[in-house]
Amino acid sequence: MHIKLHDKSTLHEIDWSTKQDGHYIRDYFTPILRNGAKYFIQNVNTKTYMLEVDHLLLPLTINDEEYENSYVCSPYTHYISYAKEELWELKNPLLEKLLLLPIQIMGHWFKRSQINKVVIVNNWFLSTNLYHQLTHKQLEQIALFLKEKFPAHAIMFRSLNRRLYPELFSRLSGLGFCPLFARSVYLCYPEKLQKMNRKSRKDLNNDRRLLRNSGYEILNQNALTEDEIKMVRKLYNQLYIEKYSEHNPIFTEEYYLNAFKHHLLEYRVLKKDGKIDGVIGFFTRDGILTTPILGYNTSLDKRKGLYRMLSYLILEEVVQNNYIGHFSAGAGKFKRRRGAEQENEYSFVYVQHLQKHRKHIWKILRFILQAIVEPLARKSGF
């Protein structure tokens, strides 16, 4: 099999036309490799490479410390910084206080054990990375190649769950990769929506009625201008950065414009009286749809139901095109009432080649996740 690592100096050697999604990957990652990740994601400092494996191209991110990075490149941010912010989701002040100190202690251990010294395979800098299938042989060779190339780094695959990727889940486990609980996500299957009875469809029908009577015009990619795409950035930031967390990826204006120019995302916006108040930006891979960009004017009255309307637009895309909808994390009750099913998502990490004290911290993390965090996630749906 063929395997090769590319940086910006060897991108010209790639025959993009022979690779699966080759031109899409070229348009997405060439600016990143040439200008650095911060060109597209403000709060990501990482080295980016392209791993060529037979007919596939897999983006790699390489980190050493960078503890202020977004969680898309930083295990420390995911399991420590973000975890501290998310404690309020438990809605149990006593439990929040009890968990805060252990999380802070773990953070200290994480830094001493260099938990951010990691290579992440197929990292698109998004909350959800979608995959093409990889054979057992390809995964084995990737692990061997990266161990030799980056012997001091853990090797990680993010965004895997048993429902969507049973083969990858099984193959990585068989190769010695350790599954670490990452979050609860919500998956939507069109056939389930179609079988929902009238009572179960009440929320969906109300959302559709709300959208129909809202006075908003629904515009797609072709009806938007570059100036309007710049507004998309503001709406995403209002929701995911200002309202939720600065640890979410903060995409730059260049990211949105590049995605618009090359049709890397399909945008849908809600527009009224000349103003855009809501947006979704989605893409698909192998019949799975995910929406990395969602935002709305958070200063407007919640009773306007912008989130409900945007969620309904995503569901429409899923049903009309017979996609599986990957609805990411959060708002579990809302999503379940609209037919989505909760599923645990994992990051797979390979650490067998690391020094003993560095392997140890990953084992401790897995124990805590299995014993405490994963059961809480099943119960609360966060």
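A cavity, in the sense used here, is a set of grid points where a 1.4 Å probe fits but cannot get out, and its lining residues are those with an atom within 4 Å of such a point. The structure examined in these terms is a predicted model. Its largest cavity is lined by 13 residues, and those lying nearest the centre are Leu57, Leu58, Asn122, His132 and Arg285. The volume of this largest cavity is about 110 Å³. Strand β3, which covers residues 56-63, gives the most to the lining of the largest cavity, with 3 residues. By class, that lining holds 8 nonpolar, 3 polar and 2 charged residues.

The count of cavities of 30 Å³ or more comes to 2. The second largest cavity encloses about 70 Å³ of space. Its lining consists of Tyr71, Ser74, Pro75, His78, Tyr79, Ile120, Met156, Arg158 and Ser347. Two or more of these residues come from each of the elements α2 (75-86) and β5 (154-160). Helix α2 gives the most to the lining of the second largest cavity, with 3 residues. The lining of the second largest cavity divides into 5 nonpolar, 3 polar and 1 charged residues.

From these cavities the description turns to the chain as a whole. The chain has 12 helices and 12 strands. Its radius of gyration is 21 Å, close to the 21 Å that the globule rule gives for 382 residues, so the chain is as compact as a globular protein of that length. The C-alpha trace spans about 60 × 55 × 35 Å along its principal axes. Of the 382 residues in the chain, 55% are buried. Where contacts join residues at least 6 apart in sequence, 75% of them link residues at least 24 apart. The chain exposes about 17,700 Å², and carbon and sulfur atoms supply 49% of that area.

Helix α2, already met in the lining of the second largest cavity, also contains serine 81. Serine 81 has a relative accessibility of 13% and therefore counts as buried, the cut-off being under 20%. Apart from its neighbours within four places in sequence, serine 81 is in contact with Tyr76 and His247.

Another buried residue is glutamine 138, found in helix α4, which covers residues 136-149. Its relative accessible area is 6%, so glutamine 138 falls under the 20% cut-off for burial. When residues up to four places away in sequence are not counted, glutamine 138 touches Met1, Val53, Asp54, His55, Leu56 and Gln133. Glutamine 138 lies 100 residues from lysine 38 in sequence, and the two are 30 Å apart in space, C-alpha to C-alpha.

Helix α9 (residues 253-261) shows burial over several positions: Tyr255, Tyr256, Asn258, Ala259 and Phe260 are buried. An α-helix has 3.6 residues a turn, so residues three or four places apart point the same way. The packing partners of the buried residues of α9 include two helices, α1 (22-35) and α8 (226-244), and two strands, β8 (266-272) and β10 (288-296). Histidine 263 follows α9 and has a positive phi, near 55°.

Most residues other than glycine have a negative phi. Two further residues with a positive phi are found in loops. Aspartate 21, although not a glycine, has a positive phi of about 60°. Aspartate 21 is placed in the loop between β1 (3-6) and α1. With a relative accessible area of 33%, aspartate 21 is partly exposed, because that value lies between the 20% and 50% cut-offs. Alanine 331, also not a glycine, has a positive phi of about 50°. The loop that holds alanine 331 runs between β11 (324-326) and α11 (332-336). Alanine 331 is partly exposed as well, its relative accessible area being 38%.

The last feature is a pocket, which is an open set of points. The second largest pocket contains about 240 Å³ of space. Its lining is made up of Lys243, Tyr296, Asn297, Thr298, Leu300, Asp301, Lys302, Gly305, Leu306, Tyr307, Arg308 and Phe334. Helix α10, covering residues 306-321, supplies the largest share of the lining of the second largest pocket, 3 residues. By class, this lining has 5 nonpolar, 3 polar and 4 charged residues.

Definitions and conventions
Residues numbered from 1 in each chain as written. Predicted model: local features only at pLDDT ≥ 70, side-chain atom pairs only at ≥ 80, totals over all residues. Heavy atoms only, no water. 1 Å grid on protein atoms, 1.4 Å probe; cavity = no way out; pocket = protein on both sides within 12 Å on 5 of 7 lines; lining within 4 Å. Points joined across faces, edges and corners; volume = space filled by probe spheres on them. Helix = DSSP H or I, 4+ residues; strand = E, 2+ residues; numbered from the N terminus. Nonpolar A, V, L, I, M, F, W, Y, C, P; charged D, E, K, R; others polar. Rg over C-alpha atoms; globule rule 2.2 N^0.38 Å. Buried < 20%, exposed > 50% of the residue type's maximum accessible area, 1.4 Å probe, protein only. Contact = heavy atoms within 4.5 Å. Areas by Shrake-Rupley, 256 points an atom, 1.4 Å probe, with all protein chains shown as cover.
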